[in-house]
Amino acid sequence: MTSIDDIIKREVNPFDPTTFKQGHFWLDKQDAALTVDSIHAEAIAEIESVLDLVIKDHSSRTVMLAGDPGSGKSYLLGRIKRTLNPKAFFAYISPWRDSDGIWRHILRYTVESLMCKPEGQAESQLMLWLKSLSAFTKRSLKQRIFDDSVWSLLQSDRQKFIKHLKDTYKQAGIYNADNFFGVLHDLTNPELYPLACEWLQGQDLSDESLQSLKLKRSIQTEADACAILSNFGRISTSTQPIVLCFDQLEAIARLPDGSLDLQALFSVNSQIQNEKWKNFLIIISITTGTWKQNVDRIHQSDKAGIYKGIGLKRINLDQAEALWEFRIYPLHSQANPKPDTKIYPLTRQALEDKFPGGKTDPRNTLGLGRQLFQEYKEKIVEPIIIIDPETELLAALKLLWQDEYKKVQSSITKIDLYPSQLIGMLVEVLTALQVKEIKTKLLTGHFASYSLSYQNPHQRGRVGIVWTEDMNMKSFFNAMNACQKAIDNNLCQNIQLIRAASVGDKKLAGNKIYRQIFTGSPHRHIQPNLESVHYFAAYQNLVNASLANELVVAGKTINRQELDSLIRKTDILKGCNLLQELGIAEFSKIKAPDMLSVKELLLNLIVTQGMMGLPKFIKEGCEFGYGQVDEPLAEKLVHQLCVERKIRIVNPKEKREEQLVCWIP
């Protein structure tokens, strides 16, 4: 028999923010068992009704989803995807840092999402979409059925495949039909599938890659990206719609006066509506306050492009209590005898006292649950453990960082992001580290978004940075020309070229300029590693969440300034190799999160929890170790922490499964 209080002592706080942080719904997986179906059920029903209209008449529509901070907008997008994925394809569009490339940004994230596999499916959304095209189906009395014989015949002959699609969709007005349909055929070839996806994403491919795809050029302009994206709708009126979800808009590009450039998004939406794109549902998720602050900046004609506005309502106390119940249930299921109430050690009275009006929101409900659960745990443990708030905050941030870094590692497997994305992430990191006088767009023209400059912290003068990973050597030549012009115009005293990709053969014109500039000093070529990009992307995700007022650490909502301060105090970014190469960060023994001492991560965990059961503590150590740390090694690390008097076993004479570990302040 194990009492509920004994279980509370040994388990992690079920309301810990790292267990329910939401963002990109293809990366932040949701546990359906923790969802209260009645919360925002009306909003889901309204969106489904609009989706059904798109399915019926194939006309694209736009829904604006507005709610206060903490109302659960990002979580709701994930729920909508999970609920409606059987009847639509879903794309998550992250914030963009450069409105000049907004169409290329949307295309990239749309294709990236289409490359994801829906739950329970063996193939990606992209392949499911392709196979559901009317060109590859036959109609029965009740439904369209995939015609395997047609597919097999066309799959083996590229030209027949292209001709069949051109004949099928000759009235659709397909842009660049031969190239587009040719790339769709290449999706059916496992060897060419990755390259075909990269072309559809708008990556600037090398001449060799383009030859493999039998193409002459990549998608390079905003007009190209817009037209290719519209193609997806033009040929899919007999398939499921594509749902584009825009989230965390507080983190998008800003205008010179510092205000959000929401007009860029609404111009995109108007173009979709005015050109009568087919088979898209656009969901714009925005904070109510952000919309009120910016609504007068949006052209009146563009506001008319919103088909329906949906406001998220506050939840009642029955729903709040249900949220608590779902969080606490895993602990209750282990207890014998069972607690008197389904939310023990919490009470309904605590909800009524905190929210006398009978209404609240999911974030405040979960935050209150975390606070009360931790207070109860501290009350029943011996000895009483008092955790300094800042110590807990720093430890919780390190754990959150570890979680974010782990997700980034799995999603970014090579350095192939857009230059504007890479430079944008670098800007955020430099800002956090208080680098002086950061200015974007050092170069001019097409390569402006590839570059930045800042004041040299060690001597007079400005440092320029150009980061380009474009594989095409023509693009590289143009980038080197732009660097030479910047030097000739004395825009900075030295330029650092960041590039992991090839710089081409010595016979190429681009390589000749490269060697003239970056051989010797003061200009340098730095080859970044993938680990550094993981640092930048993980921090970018935290920045986006903070700007959207969605970053919760140790029960506290953290703004951008607080995040930057915490990240400096933890020294997390000092482990980034690229920052060390740039001279921004001094060499640090701290390594990338996946190689961080598991012992340190265990210590961070116990700081946030105060006390845990030894078996649970060791299990967490194994999980932190990414499969490289087994139970005996994790137990050894726990023993080391005990020897160092950072933790201790409260009841060493008890059976191992009953032993408790506590933090020593």
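Colleague: Happy to be looking at this one with you! Which residue meets the side chain of Lys9 in a salt bridge?
Modeller: Glad to have you along; bear in mind that this is a predicted model. Lys9 and its partner sit three residues apart in helix H1 (residues 4-10), so about one helical turn separates Lys9 from Asp6. The N to O distance is 4.0 Å, and the partner of Lys9 is Asp6.

Colleague: And is Asp6 buried, partly exposed or exposed?
Modeller: Buried would need a relative accessible area under 20%, and exposed one over 50%. Asp6 has 36% relative accessibility, so it counts as partly exposed.

Colleague: How many salt bridges does the structure hold?
Modeller: Lys9 with Asp6 is one such pair, and Lys87 with Asp52 is another. For the structure, the count of salt bridges is 39.

Colleague: How many residues apart are Lys87 and Asp52?
Modeller: The closest N and O atoms of this salt bridge are 2.9 Å apart. Lys87 belongs to the loop between helix H3 (73-84) and strand S2 (89-93), and Asp52 to helix H2 (residues 41-57). The pair links distant parts of the chain, and the separation is 35 residues.

Colleague: What are the relative accessibilities of Lys87 and Asp52?
Modeller: Partly exposed lies between the cut-offs of 20% and 50%. Lys87 counts as partly exposed, and Asp52 is partly exposed as well. The value for Lys87 is 25%, and for Asp52 it is 34%.

Colleague: Now for Lys414 and Glu198: how many residues apart in sequence are the parts that this pair ties together?
Modeller: Lys414 forms a salt bridge with Glu198, with the closest N and O atoms 2.4 Å apart. Lys414 is in the loop between H18 and helix H19 (419-432), while Glu198 is in helix H9 (residues 193-201). The pair therefore ties together parts whose separation in sequence is 216 residues.

Colleague: Is Glu198 buried or exposed?
Modeller: Its partner Lys414 is partly exposed, with a relative accessible area of 39%. Glu198 has 11% relative accessibility, and the cut-off for burial is under 20%. Glu198 therefore counts as buried.

Colleague: What is the angle between the axes of helices H18 and H23?
Modeller: Helix H18 covers residues 389-411 and helix H23 residues 560-570, and their axes come within 10 Å. The two helices are roughly perpendicular to each other. Their axes cross at roughly 90°.

Colleague: How many nonpolar, polar and charged residues make up that contact of H18 with H23?
Modeller: On the H18 side we find Glu390, Leu393, Leu394, Leu397, Lys398 and Trp401, and these meet Leu563, Leu566, Ile567, Lys569 and Thr570 in H23. By class, the contact comes to seven nonpolar, one polar and three charged residues.

Colleague: Which residue in S13 is the bridge partner of Ile465?
Modeller: S12 and S13 run parallel and are joined by five bridges. In strand S13 (residues 494-498), five of five residues are buried. Both faces are covered, with Asn494, Gln496 and Ile498 on one side and Ile495 and Leu497 on the other. The partner of Ile465 is Gln496.

Colleague: Is Asn472 buried or exposed?
Modeller: Asn472 lies in the loop between strand S12 (462-467) and helix H20 (473-488). Leaving aside neighbours within four places in sequence, it contacts Asp204, Leu205, Ser206, Asp207 and Leu210. At 6% relative accessibility, Asn472 counts as buried.

Colleague: Which strands are the edges of the open sheet with the order S17-S19-S18?
Modeller: This three-stranded sheet has antiparallel pairing, and its twist averages 25° from one strand to the next. S18 pairs with strand S19 (residues 660-663) over three bridges, and Ile649 stands opposite Val661 in S19. Each edge strand pairs on one side only, and the edges are S17 (611-613) and S18 (647-649).

Colleague: Last one: what distance separates the C-alpha atoms of Ile386 and Ile664?
Modeller: Ile386 is in the loop between helix H17 (362-380) and H18, and it is exposed, with a relative accessible area of 68%. Not counting residues up to four places away in sequence, Ile386 touches Trp663 and Pro665. Ile386 and Ile664 are 278 residues apart along the chain, and their C-alpha atoms are separated by 9.5 Å.

Note on methods: Residues are numbered from 1 along each chain as its sequence is written. This is a predicted model: local features need pLDDT of at least 70, side-chain atom pairs count only at pLDDT 80 or more; totals for chains, interfaces and linings use all residues. Side-chain values use heavy atoms; hydrogens and water are left out. Axes are lines fitted to C-alpha atoms, for helices over the stretch in contact, and angles run from 0 to 180 degrees between N-to-C directions. Helices (H or I, at least four residues) and strands (E, at least two) are DSSP runs, numbered from the N terminus. Angles under 35 degrees count as roughly parallel, over 145 as roughly antiparallel, 65 to 115 as roughly perpendicular and the rest as oblique. Contact means heavy atoms within 4.5 Å. Ala, Val, Leu, Ile, Met, Phe, Trp, Tyr, Cys and Pro count as nonpolar, Asp, Glu, Lys and Arg as charged, and the others, Gly among them, as polar. Two strands pair if DSSP finds at least two bridges between them. Buried means under 20% relative accessible area, exposed over 50%, partly exposed in between (1.4 Å probe, protein chains only).
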